[in-house]
Amino acid sequence: MVGAGVVATFFWTAHRQNRDAERADAAAERAEAAAALSIDQTMRIADALEKLAERPVLRVGESRAIERRVAWSLTWSRGDAYLLTNVGDGTAFGVKIEHDPSLIVRAEDVHEEIAPGEAVEFFALRSMATIDSTITVTWTTSRDAEDREQWRYPLPARPKR
């Protein structure tokens, strides 16, 4: 009887250690994804500062064409639905919503254009297997442009039920 208890305790302990190791691995992968997102955002800030520094200084009486920019907002809508909104003053063309394969997403493949103030809804679901819940949006600034812009943002948390 004591031997059976020892064996049961051994297997229970081994199972628990295995589960703890899996959780630790998943937490490490999430931390790595968060660090990558932080690096990506830092690089975007540095690029934006470089572009600002390259702009010519305007002299009194000179004017510059207004540059239209696309900017994004990602918010929870309802259930597993999220809204991607163009909060900028420029139109985005050929908009794609991309994600890590471990995140379950149902979204239109390509949105031909998203005007300022417009939003598109898509569905996303985290699971225990989700490693990275970052949404990556790519687009061009004109219909014939080839260079794609990119914006990355983690899927917002759902409110508590």
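Ile131 is partly exposed, with a relative accessible area of 35%. The model that gives this value is predicted. Ile131 sits in the loop between strand 6 and strand 7. Its C-alpha lies 7.7 Å from that of Asp100, although the two residues are 31 apart in sequence.

Asp132 belongs to the loop between strand 6 and strand 7 as well. Is Asp132 buried or exposed? With a relative accessible area of 14%, Asp132 is buried, because buried means under 20%. Ile131, at 35%, falls in the partly exposed class because that class runs between 20% and 50%. Asp132 also has a partner far along the chain: 33 residues separate Asp132 from His99 in sequence, and 8.1 Å separates their C-alpha atoms.

Ala129 is another residue of the loop between strand 6 and strand 7. Ala129 is exposed, at 55% relative accessible area. From C-alpha to C-alpha, Ala129 and Ala26 are 8.1 Å apart, with their positions 103 residues apart along the chain. This loop therefore holds a buried residue, Asp132, a partly exposed one, Ile131, and an exposed one, Ala129.

Now step back to the whole chain. It has one helix and eight strands. What pattern do they follow along the sequence? The order is α-β-β-β-β-β-β-β-β. Of the 161 residues, 25% count as buried. The accessible surface comes to about 11500 Å², and carbon and sulfur atoms account for 55% of that. Contacts reach far along the sequence. Among those between residues at least 6 apart, 54% join residues at least 24 apart.

The loop between strand 5 and strand 6 gives a local view of such contacts. Ala115 is found there. Leaving aside residues up to four places away in sequence, Ala115 touches Asn86 and Thr91. The C-alpha atoms of Ala115 and Val87 are 9.0 Å apart, and the two residues are 28 apart in sequence.

Charge pairs come next. Side chains of opposite charge can pair when their charged atoms come close. How many salt bridges does a search of the whole structure find? The search finds four. Three of their pairs can be followed here, one by one.

Take Glu121 and Arg78. They form a salt bridge, with the closest N and O atoms 3.1 Å apart. Glu121 lies in strand 6 (residues 119–125) and Arg78 in strand 1 (residues 72–78), so the bridge ties together parts that are 43 residues apart in sequence. Glu121 is partly exposed, at 34% relative accessible area. Arg78 counts as partly exposed too, at 46%.

Arg158 and Asp80 form another salt bridge, and here the closest N and O atoms are 2.5 Å apart. This pair links distant parts of the chain, 78 residues apart. Arg158 is in the segment after strand 8, while Asp80 is in the loop between strand 1 and strand 2 (81–86). The relative accessibility is 29% for Arg158, which counts as partly exposed. Asp80 is at 28% and is likewise partly exposed.

Glu113 and Arg143 also meet through their side chains, in a salt bridge of 2.5 Å, N to O. Which parts of the chain does this pair tie together? Glu113 lies in strand 5 (residues 111–114) and Arg143 in the loop between strand 7 (134–140) and strand 8, so the pair joins parts 30 residues apart in sequence. Glu113 counts as partly exposed, at 35% relative accessibility. Arg143 counts as exposed, at 62%.

Last, look for charge of one sign on the surface. Asp144, Glu146, Asp147 and Glu149 gather in a patch of negative charge there. One of them, Glu149, has its place in strand 8 (residues 149–154). Why can Glu149 count toward a patch? Glu149 is partly exposed, with a relative accessible area of 34%, and patches are made of residues with over 30% and no salt bridge. Like charges are joined within 9 Å. Glu121 also stands at 34%, but Glu121 forms a salt bridge with Arg78, so the patch rule leaves Glu121 out.

Methods:
Residues numbered from 1 in each chain as written. Predicted model: local features only at pLDDT ≥ 70, side-chain atom pairs only at ≥ 80, totals over all residues. Heavy atoms only, no water. Patch = residues over 30% accessible without salt bridge, like charges linked within 9 Å, V, L, I, M, F, W, Y side chains within 5 Å. Areas by Shrake-Rupley, 256 points an atom, 1.4 Å probe, with all protein chains shown as cover. Lys, Arg positive; Asp, Glu negative; His and termini not counted. Charge placed at Lys NZ, Arg CZ, Asp CG, Glu CD. Helix = DSSP H or I, 4+ residues; strand = E, 2+ residues; numbered from the N terminus. Buried < 20%, exposed > 50% of the residue type's maximum accessible area, 1.4 Å probe, protein only. Contact = heavy atoms within 4.5 Å.
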